[in-house]
Amino acid sequence: MEQHKPWQTPFIFLACASAVIAITFSAWMAMLNNFAIEHAQFGGAEIGILQSLREIPGFLAFTAVFVLLVLKEQIFALVSLALLAVSVSVTGFFPSIYGLYATTVLMSIGYHYFETINQSLALQWFDKENAPQLLGRLLSMTSIISLCSYGFVWLGFSVFAAQYVTMYLICGGIGLLLTIFLIVAMPTFKAQHVQHKHLVLRKKYSLYYLLTFLSGARRQIFVVFAGFLMVEKFGYSVAEISALYMLNHLINIFAAPQIGKLISKIGERKALTLEYIGLIFVFVGYGLVEHAHWAAFLYVVDHLFFAMAIALKTYFQKIADPKDIASSAGVSFTINHIAAVVIPALFGLVWLVNPSLVFYAGALIALCSLAASQFVKIEQKTV
């Protein structure tokens, strides 16, 4: 049997892969709006179309199971990372509306397919007892790399007056080099159970599907409207919004591992209950807040509670047939993104009437999640 070196482990593989995501996607996000406006002459309509296009691959994540008919999961993950890195690398060479649409869709395909496979591999490779803590450590490490990536972009433009082409090429290139390292240096890790190569929808996973859908709906309100509130109502600048992103990642570096330990200690139902109660207060706070500093505080707390979504992943790991994990990861990603197709446009209309109503709706969704989470039951494993 082939002997693996001490660093050739599934955790190191996923940590390096997560670093690729953090470097490339964080840089892409940090530069997107300015590049779109300054070089691709985007207006509000074009940005809206781009964001919708970006979410379509997430909605189609269930198709990952069909790709697994011809590619092993680990190979599929590496191909997805390479597509993501190359797409980010060349973004600066296409400063036009359709050029940015094209590179964004390719980037999003790589990103969403990897995230689908990443969840599947983590739940297969990590044992149930250690999964919450290991997922927390991965989230912490991703936050460290994302923080560095945001800092690198800020440094490039603030100190060195870098060009977009250069910055995209460097960040995407680093991601591609890391991917090549994974291809060359990492062995193929075997899962304990051969995964189904067809779509799996089971009645016993209904509660998980429901919680996943509600999570996607809440997440869209946070991603689309919480940041928009900061700018429209409180006049936050690009620098201040970037600082808020960096603060979120800085807190996650220390908090995520502790959240993983907490989930291991108190269990998934209590962790989800804590998350949803906290989010009810956060969303109501968004609707009532009148001071910029309190809004920033809510934004940070909101981001922190979403780190507790680890509990939803480990809940599924504990109730699922081990052979269902790969197929179900794609299905759950699609369910999570159903809201991404509907929420921005629908709630955008509500925003025009009264922005607070959007966040009160978020509180209602969190309340529904809280009610549903009380049905979470995990049978004790038999030895």
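Which side chains meet in a salt bridge of 3.2 Å, N to O? In this predicted model, the two partners are K318 and E268. Residue K318 lies in helix α12, which covers residues 310-319, whereas E268 belongs to helix α10, so the pair ties together parts of the chain that are 50 residues apart in sequence. The two ends of this bridge have their own accessibility classes: K318 is partly exposed, with a relative accessibility of 29%, and E268 is buried because its value of 2% falls under the 20% cut-off.

The chain in which this pair is set contains 14 helices and zero strands, and the order of elements read along the sequence is accordingly a run of α elements, α-α-α-α-α-α-α-α-α-α-α-α-α-α. For its 383 residues, a compact globule would be expected to have a radius of gyration near 21 Å, and the 20 Å computed for the chain agrees with that expectation. Taken along the principal axes, the C-alpha atoms fill a box of roughly 60 × 45 × 35 Å. Buried residues account for 52% of the 383 residues, and the accessible surface of the chain comes to about 17,700 Å², with 70% of that area belonging to carbon and sulfur atoms. When contacts between residues at least 6 apart in sequence are considered, 88% of them join residues at least 24 apart.

With respect to charge, the chain carries 22 positive and 17 negative charges, and the mean positions of these two sets are 11 Å apart. A search of the whole structure finds five salt bridges, among them the K318 and E268 pair already described. Another of the bridges is formed by E290 and K233, whose closest N and O atoms are 3.4 Å apart. This pair links distant parts of the chain, since E290 is placed in the loop between α10 (268-288) and α11 (292-306) and K233 in the loop between α8 (206-232) and α9 (238-266), the two residues being 57 residues apart. E290 counts as exposed because its relative accessibility of 62% is over the 50% cut-off, while K233, with a relative accessible area of 37%, is partly exposed. A further salt bridge brings together the side chains of R54 and E55, with an N to O distance of 4.0 Å, and both R54 and E55 are buried.

Contacts across the sequence can also be followed from helices α1 and α6. Residue S26 is situated in helix α1, which covers residues 10-38, and is buried, with a relative accessible area of 6%. Once neighbours within four places in sequence are set aside, S26 is in contact with I21, S146, S149 and Y150. Residue I145, for its part, lies in helix α6 and is partly exposed, its relative accessible area being 26%. With neighbours within four places again left aside, the contacts of I145 are with A19, A22 and I23. The C-alpha atoms of I145 and S18 are separated by 8.8 Å, although these residues are 127 residues apart along the chain.

A shorter separation in sequence is found for A102 and S87, which are 15 residues apart along the chain and 9.0 Å apart in space, C-alpha to C-alpha. Of these two residues, A102 is located in helix α5, covering residues 97-125, and counts as partly exposed because its relative accessibility of 41% lies between the 20% and 50% cut-offs.

The backbone at A161 was also examined. Most residues other than glycine have a negative phi. The phi of A161, however, is near 50°, a positive value in a residue other than glycine. Residue A161 is found in the loop between α6 (131-158) and α7 (164-185), and at 55% relative accessibility A161 counts as exposed.

Key:
Residues are numbered from 1 along each chain as its sequence is written. This is a predicted model: local features need pLDDT of at least 70, side-chain atom pairs count only at pLDDT 80 or more; totals for chains, interfaces and linings use all residues. Side-chain values use heavy atoms; hydrogens and water are left out. Helices (H or I, at least four residues) and strands (E, at least two) are DSSP runs, numbered from the N terminus. The radius of gyration is taken over C-alpha atoms; the globule rule is 2.2 Å times the number of residues to the power 0.38. Buried means under 20% relative accessible area, exposed over 50%, partly exposed in between (1.4 Å probe, protein chains only). Contact means heavy atoms within 4.5 Å. Accessible areas come from the Shrake-Rupley method with a 1.4 Å probe; for residues, only the protein chains shown count as cover. Lys and Arg count as positive and Asp and Glu as negative; His and the chain ends are not counted. The place of a charge is taken as NZ of Lys, CZ of Arg, CG of Asp or CD of Glu.
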